[in-house]
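Got your viewer open? Let's take a walk through this one together, picking out one thing at a time.

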Amino acid sequence: MRPAAFTYTRPATLADALRAMAGGAVPLAGGQSLLPAMRLRSATPQALVDLAGVAELSDAITCNDDILTIGARVTHNALLEHASLANEWPWLRAAAHALGDVQVRNLGTVLGNVCWADPRANMAVALLACDALVTAVAPSHGDGVDRIALSDFFTGFRSHALNGRLATSIEIKRRVGARGVYLEFSRQRQDLALVNVCVVRAAQYARVAVGGIDPMPVRLPEVEAAIVDGDSGDVVHALHENLVRGRHAPPQDHHGTDEYKLGLAVTLIKRALALGEVPA
Ligand SMILES: Cc1cc2nc3c(=O)[nH]c(=O)nc-3n(C[C@H](O)[C@H](O)[C@H](O)COP(=O)(O)OP(=O)(O)OC[C@H]3O[C@@H](n4cnc5c(N)ncnc54)[C@H](O)[C@@H]3O)c2cc1C
């Protein structure tokens, strides 16, 4: 199917991009989620503003004062090629590596994946387990930058808290001794995961993020508390208490029942905990 009619602009400055958004234009990054949705007409924006030429939007990954910053134009492949990420945040690398194929990873951006806010978006789940923040600017804000914790960012199925703001980067604080594991189950390589999980642990710290068991990626605070304060029996108990029908509502599709997806989440989290190193 062809997309519905739309206009297209490719501004060179952030001010022009924000001006276009104030006029109703929808940001276009790598187009790897938005354009297929437009072809299916499940998304019908009347105007697109292409971010590729906006000089102020960075295509770099930087680390200053223990904050890793991933710019808005950083692609999945650029993230995969970043040396310190492989050493310090291997679970982010694993999530990027499992996403699509090489062409998709060459064009698709990390921030675009987060802003698409699919319940099973690889980078959304992996970054949620890192306490990442999205920085954003509003068309009316001048130079003001807002920071939105990813735990407050996802508001429902493919919806987020940007409210017309443009996301400019993702920030992650370096956590000493952190170890993490990203795992997913998909029916075949390059498919979106049916369920994906990311577990990050450090001393007195645990984050468990899951995709595919609710309309948006979620964390499991009770399981995190059991990992930090309890023994392995407490963790298993918390998993089985938490991952039950009624507490979660997996998106409906023909790939599996709610029970199947919740069971997958339990299995993947247990596996991630077994694989992840326990910090001293
Ligand atoms: C064949 C194929 C396989 C795929 N497999 C997977 C997979 O396994 N796992 C997975 O998670 N994804 C998968 N995807 C989806 C896709 O790769 C990502 O969601 C994509 O990389 C998103 O980034 P993008 O730059 O292409 O964003 P776009 O498609 O350009 O934009 C996505 C959304 O984010 C918004 N947006 C983008 N940038 C900003 C910004 N800076 N500020 C505010 N809003 C913004 C757009 O308006 C749009 O709503 C697949 C896609 C394809 C085509």
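Before you start, keep in mind that what you see is a predicted model.

**Stop 1: a three-stranded sheet**

Select Thr7 and look across to strand 3, where Ala47 stands opposite. You've just found a meeting point of two strands: strand 1 and strand 3 (residues 47-50) pair in the parallel sense, over three bridges. Now bring in the rest of the sheet. It's an open sheet of three strands with the order 1-3-2, and the pairing is parallel. Why do strand 1 (7-9) and strand 2 (26-28) each have one side without a neighbour in the sheet? They stand at the edges with a single partner strand each, so that side is left free of a sheet neighbour. Turn the view a little and look for the twist, which averages 30° from one strand to the next.

**Stop 2: the ligand**

Next, click on the ligand. The space it takes is the largest pocket. Which elements give two or more residues to the shell around the ligand? They are strand 2, helix 7 (110-116) and strand 10 (166-173). Colour helix 7 in something bright, as the largest share of that shell, four residues, comes from this helix.

Now show the residues around the ligand. There are 29 of them, and Pro27, Gly30, Gln32, Ser33 and Thr109 come nearest.

Time to zoom in on some atoms. Try these in turn:

- Gly30: a polar backbone atom here is 2.7 Å from an oxygen atom of the ligand.
- Ser33: this time it's a polar side-chain atom, and it lies 2.6 Å from a ligand oxygen atom.
- His76: again, look for a polar side-chain atom, 2.8 Å from an oxygen atom of the ligand.

Switch on a surface if you like. On its own, the ligand has 970 Å² of accessible area, and the protein covers 87% of that.

**Stop 3: a four-stranded sheet**

Move along the chain and select Val181. Its bridge partner is Val199, in strand 12. Widen the selection to strand 11 and strand 12 (residues 195-202): these two run antiparallel and are joined by seven bridges. Add the remaining strands and you have an open sheet of four, in the order 11-12-13-14, with antiparallel pairing. Which strands stand at the edges here? Strand 11 (179-185) and strand 14 (218-219) do, and each has a single partner strand, so one side of each is left without a neighbour in the sheet.

Notes. Residues are numbered from 1 along each chain as its sequence is written. This is a predicted model: local features need pLDDT of at least 70, side-chain atom pairs count only at pLDDT 80 or more; totals for chains, interfaces and linings use all residues. Side-chain values use heavy atoms; hydrogens and water are left out. Two strands pair if DSSP finds at least two bridges between them. Axes are lines fitted to C-alpha atoms, for helices over the stretch in contact, and angles run from 0 to 180 degrees between N-to-C directions. A residue is near a molecule or strand if one of its heavy atoms lies within 4 Å of it. A polar contact is a pair of N or O atoms within 3.5 Å; within protein, one must be able to donate a hydrogen and the other to accept it, and residues adjacent in sequence count only if both atoms are side-chain atoms. Accessible areas come from the Shrake-Rupley method with a 1.4 Å probe; for residues, only the protein chains shown count as cover. On a 1 Å grid over the protein atoms alone, a cavity is a set of points where a 1.4 Å probe fits but cannot get out, and a pocket is an open set with protein on both sides within 12 Å along at least five of seven lines; lining residues have an atom within 4 Å of a point. A molecule sits in a cavity or pocket if more than half of its atoms lie within 2 Å of its grid points.
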